[in-house]
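Let's take a walk through this protein together, starting with its empty spaces and ending with one of its loops. Keep the structure open beside you as you read.

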Amino acid sequence: MDATLDRIYAIRSAFPPEGLFADKDWLLSPEPFLIDAKLAEQLEKLGHRLNLFNRACNELYQRSVSGKQPAWIADYLDRGKPPELVEFARRKQFRADLPRVIRPDLVLTEDGFTIAELDTVPGGIGLTAWLNATYASFGTHDVLGGANGMVEGFQAIVGGSAEILVSKEAAVYRPEMQYLSRVAGDGAIRVHEAESFSPEGRGGGRESGGRSWASWRKLAGGKASLASDTPGTNPHSDSTPAGVPEGSPAPAGADRVGTREPGVLPPANIQQLARDQPPYSLPPPRPSGLSPITQPSALSLYRFFELFDLPNIPSAPAIMQAVADGTARITPPFKPYLEEKLWFALFWLRPLREFWRRELSEQHFLELQKVIPYTWILDPQPLPQHAVIPGLEIQSFEEVKHFSQKQRELILKISGFHETAWGSRSVVLSSDASQHEWESAITEALAEFPSHPHILQRFHKGRLVEQRFLSAAGQIETMRGRVRLCPYYFVIDGKAALRGALATVCPADKKLLHGMKDAIMVPAAVS
C-alpha cells in the first residue's frame, strides 16, 4: 500500500505548473487503464477506417454540392450556417482539406465497443500527453502511444511549429495546450487567445479589411455579443486551482484562465435576414489548382474553437483571409459540415449504402456497421402512407414521444454548429427523462429542424470495469464503473497514427460518460 501511495504522490508531484483543465477536477489512479492486445489491435485498425470515413464524408458532401449526389445531403449539413461560411468551405482550393486529429468517443460494451461520436476539435490532447509521459515514466506498463507519442503526433500534423488558437469559449482547455506548447520545446508551438490573434502580428489585434463578424450581431437583431464586449476572469480562490485533482500541489497561474458566457449563434433565419443586408466581405477564391496547404512557408495554425463561435472572434476574418491567401494553413479546416453528428445517420441511410461500400470498401463498411450506432435525423417531413422509418417502424418522429420506457433506449442530441453541441450539453437520454421531459425534448428538436437538426441514436450501455483510485479520505479504493475510451489519431502523410488513448472511468450509476469530478482519468496501456 505504501508503494501505491508513493505512486500517487509521484503523479501529483509531476503535475504541470500550467495546470491542465480550468475549473475541472478528477480522481487519480495509481495505474493506467489496461486493455488487452485484441482491443489494442482493433484500435489500430479503427484509425484507418475512420480516416477513410472522414474522406468519404468530405467526398459525399462535395458530390452533393456538384449535383453528382442528391442535393438533400448538403442541405442537411448546411442548415443553420451562414451562407458566407458555407461558400468559404466549398472553395476548390480547400477541397481535399480534412481534420488532422481524429478522436472517437468509444463506449466499451459487453460485445466490444460502440462509437458515441467523432470529435474533430477534441480536448484532452495535452492532458493525454502528460498522462502518457507520467505513467510511462514508472516503467511498469506499456502505455498506448508511448511516453512522447502525443507530443510527436501533434508536432507532425502542424509541421513542427504552430500557433494554437484557443477561444474564450474553449478556455477550459487552454492550460493543457500551454503544457503541450512547453514540452514541445524551443518555443516551436505557441498558444494564443483566438480573439486577439493576428496572422501578421502573431498575437496583435488588427482588424481585417471588409465586413467584420460584428455583422452577425446586426443580423441577429443585436443579440450576439462579441467576446471583447464581455471579458471575464475566474475569481481568485484559495481552493485547489483549476485543472488539478483535489489535494494536488497548486500550479502557478492555473486560476487565471479567462471565461465568458457561451458564444451566441447566428439566428435560425440568418439566410433570410442576410438577403436584406449587404454580403460579408470574405477573401476571394484563389485560382484553380492553388492550395495554401502546399506552400511550405505558410504559417501553421491549429484551430481550437468551434465554428459556431466565429461571431465572437474579431480576428476570424483576418485568419480566414490569411488561409485563403495561402500565407497560413489551418487545421481543422473551416468546414462546418465535417463537424456534424448527423454523419452517423447518413452512414445508415439505405439510398447511400452503395456509396459507402464503394468509398470505404466492403470490409471496412461492414466493420464500421458493427461500431457506429444506428442513428436517425429528426426530420419532420411527412412520409407516404405505406412507408416507415427504418429501425423504429414508425411513420413520424412524433410517435417517438409516446414510446414506453422500455422502447426509449435512445439518445437525443443536436447535430452541431451550436454552443450546446459539445460537452454533452444537448444530450437527453430518453430512459432518464420523464414522459413530459421526453415529449418536450422531441417537440423542441423537431421545431428546430430548419436551423439546427437533431439526431436520435441507439443507446448502448457500457460494461462494468474496476479501477483503483485515491478517495477523498486518502485511501486507495476500487471503483466499479463504465469507461469512455478516447483514442487519438494524428493523420500524418495521409495515414492515421494512434498515439495515445484517454480512459475516463465514471461511476456505474452514470449513464452519460464524460469528464467529471467523480471520474478517474488515466492513459490506456496494453496488458
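A cavity here is a set of points, on a 1 Å grid over the protein atoms alone, where a 1.4 Å probe fits but cannot get out, and its lining residues have an atom within 4 Å of a point. Its volume is the space filled by probe spheres set on the points, with grid points joined across faces, edges and corners. By that reckoning, the structure holds 3 cavities of 30 Å³ or more. The largest encloses about 50 Å³ of space, and its lining is made up of F88, F94, D97, V323, I330, P333, F334 and K335.

A word on what you are looking at: this is a predicted model, in which local features need pLDDT of at least 70 and side-chain atom pairs count only at pLDDT 80 or more, while totals for chains, interfaces and linings use all residues. Residues are numbered from 1 along each chain as its sequence is written, and side-chain values use heavy atoms, with hydrogens and water left out.

Now for the interior. Of the 527 residues in the protein, 57% are buried, meaning under 20% relative accessible area with a 1.4 Å probe, protein chains only. In soluble globular proteins, nonpolar side chains tend to be buried together. A nonpolar core is a set of buried Ala, Val, Leu, Ile, Met, Phe, Trp, Tyr and Cys residues joined through side-chain atoms within 4.5 Å. The largest such core has 102 residues, and F53, F154, Y302, W343, L346, W356 and L485 have the most contacts inside it. Helix α2 gives the largest share, 11 residues. Another core, of 23 residues, lies apart from it and includes L301 and L310.

Helices (H or I, at least four residues) and strands (E, at least two) are DSSP runs, numbered from the N terminus. The protein has 14 helices and 16 strands. Two strands pair if DSSP finds at least two bridges between them. One open, antiparallel sheet has 4 strands in the order β9-β12-β10-β11. Its edge strands, β9 (375-377) and β11 (428-429), each pair on one side only. Further in, 5 bridges join β10 (residues 410-414) to β12 (residues 454-458), and K413 stands opposite I455 in β12.

Finally, is Q69, in the loop between α2 (37-66) and α3 (71-78), buried or exposed? Q69 counts as buried because its relative accessible area is 16%. Leaving out residues up to four places away in sequence, Q69 touches L60, R63, S64, L352, F355 and R358, a contact being heavy atoms within 4.5 Å.

Notes
Buried means under 20% relative accessible area, exposed over 50%, partly exposed in between (1.4 Å probe, protein chains only). On a 1 Å grid over the protein atoms alone, a cavity is a set of points where a 1.4 Å probe fits but cannot get out, and a pocket is an open set with protein on both sides within 12 Å along at least five of seven lines; lining residues have an atom within 4 Å of a point.
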